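Reader: Hello! I have this structure open at my bench and would love a close look at a single part of it. Could you walk me through what surrounds one residue, and then show me how a pair of helices packs?

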Amino acid sequence: MHTKRLAIAGTAVAAALALALGGCSSDATASSTGASGVDAATATNLEAFGGLAGLEEAAKAEGALNVIALPRDWANYGAVLDAFAEKYPEITINEATPDASSAEEIQAAQSLAGQDTAPDVFDVGAAVALANTDQFAPYQVATWDDIPDALKEQSGLWVGDYGGYMAIGYDPDAVPEPTSLKDLLGDAYKGKVAINGDPTQAGAAFAAVGMAAVQNGGSVDDFQPGIDFFSELNKAGNFLKIDPTPATIASGETPVVLDWDYLNVGYGTDLEGQRNWEVTVLPGTGYAGYYNQAVNVDAPHPAAARLWQEFLYSDEAQNLWLAGGARPVRAEAMAEAGTIDEELYNALPVIDGETVVPDADQAAAAAELLGTTWAAAVQ
């Protein structure tokens, strides 16, 4: 279904709220200068620490890392978190609100600014990343040159990390296989079609509208046909305003879900033996996207935040994305270097036809359009 070598031309979007960071107290001050004398809060690369060993020492001295909006069943995040914890047992990972949206990640950082419970890092979609660059601290990881220019802000404010194709997951016992978006307007899909969140807040939902746009005569420069499609879907009574989760799929509440391919495949894996779940990428123009990592400019653990970034872009973590069915941003470089897991890489489905990814300007324009028209379109 999918290509294993995306023709990357832009950025992408992701997920994230109310913090419940464990083991922390309020009113803490961000540790900017540790025992090493390095001002971690302003460090823009490993050189500031004298290398990885220096960064590791500074991060271990901080002893904690606050993450938010990282569902453990999202693109293999559980394995990524566990691998970091195993590698750095001196650093406690505080996981907050895994199902929050990208926008809610930023809201949490702003409401908790100055407290040691604030998130240190973000995983956000393009629209949210582009609208909140003041919230990010620039940082370029050691593998910076392996990351395509189109998928990173040039100073390192935000950086694409992993991605995939927008796909349709469905319960074959509840609905027929959809072969086009037009099928979803039919009576067989009455009250059964869901997307992953609010497209003005969440990257996966944003991409669902983008996919509907490019499949209905629009483009990454024109999301209006995608908005029109969901308006029509809503009028037909087929649009289901429930955020899908493995639980809603297992219960049969959301029998059709437009979501990233790696998430839809993951739903099927998680629910094996409980519910049949098939995944299809529609023929025609494919819509792909990447999620972005960023460091909170007010991170209470600035060294740990930067060590997390280094880990996420290491060969180890990039291969863990691959194991989760997502496409790591360094895949091409790792393939050339012989460090990618070839079995997993070669197992990625191949997409026939054109693939599109909105660039920064296109994503910003689409986000503005959605912000002014989405609510009325599906009310």
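Author: Happy to; we will start with one glutamine, move on to two helices, and end with a word on confidence.

Please keep in mind that this is a predicted model. Your residue is Gln-293, found in strand S9, which covers residues 286–296. Is Gln-293 buried or exposed? With a relative accessible area of 2%, Gln-293 falls under the 20% cut-off, so it is buried. On the side-chain level, Gln-293 and Asp-161 are linked by a polar contact of 3.0 Å. Not counting neighbours within four places in sequence, Gln-293 also touches aromatic-named company, including Tyr-77, Phe-122, Trp-158, Tyr-162, Tyr-313 and Trp-321. Among its other contacts are Asp-123, Leu-157, Val-159, Gln-309 and Leu-312.

Now to the helices. Two packed helices are described by the angle between their axes and the distance between the axes. For helix H5 (residues 203–214) and helix H6 (residues 224–235), the angle is about 100 degrees and the axes are 7 Å apart. That angle lies in the range of 65 to 115 degrees, so H5 and H6 are roughly perpendicular to each other. From H5, the residues Ala-208, Val-209, Ala-212 and Ala-213 meet Pro-225, Gly-226, Ile-227, Phe-229 and Phe-230 of H6. This contact is made up of 8 nonpolar residues and 1 polar residue, with no charged ones.

Finally, confidence: the protein chain has a mean pLDDT of 89, and 91% of its residues reach 70 or more. Residues 1–32 have a pLDDT below 50, though this stretch makes 146 contacts in the model beyond near neighbours in sequence. Where pLDDT is low, the predicted coordinates should not be read in detail.

Terms used. Residues are numbered from 1 along each chain as its sequence is written. This is a predicted model: local features need pLDDT of at least 70, side-chain atom pairs count only at pLDDT 80 or more; totals for chains, interfaces and linings use all residues. Side-chain values use heavy atoms; hydrogens and water are left out. Helices (H or I, at least four residues) and strands (E, at least two) are DSSP runs, numbered from the N terminus. Buried means under 20% relative accessible area, exposed over 50%, partly exposed in between (1.4 Å probe, protein chains only). A polar contact is a pair of N or O atoms within 3.5 Å; within protein, one must be able to donate a hydrogen and the other to accept it, and residues adjacent in sequence count only if both atoms are side-chain atoms. Contact means heavy atoms within 4.5 Å. Axes are lines fitted to C-alpha atoms, for helices over the stretch in contact, and angles run from 0 to 180 degrees between N-to-C directions. Angles under 35 degrees count as roughly parallel, over 145 as roughly antiparallel, 65 to 115 as roughly perpendicular and the rest as oblique. Ala, Val, Leu, Ile, Met, Phe, Trp, Tyr, Cys and Pro count as nonpolar, Asp, Glu, Lys and Arg as charged, and the others, Gly among them, as polar. pLDDT is the predictor's confidence in each residue, from 0 to 100.
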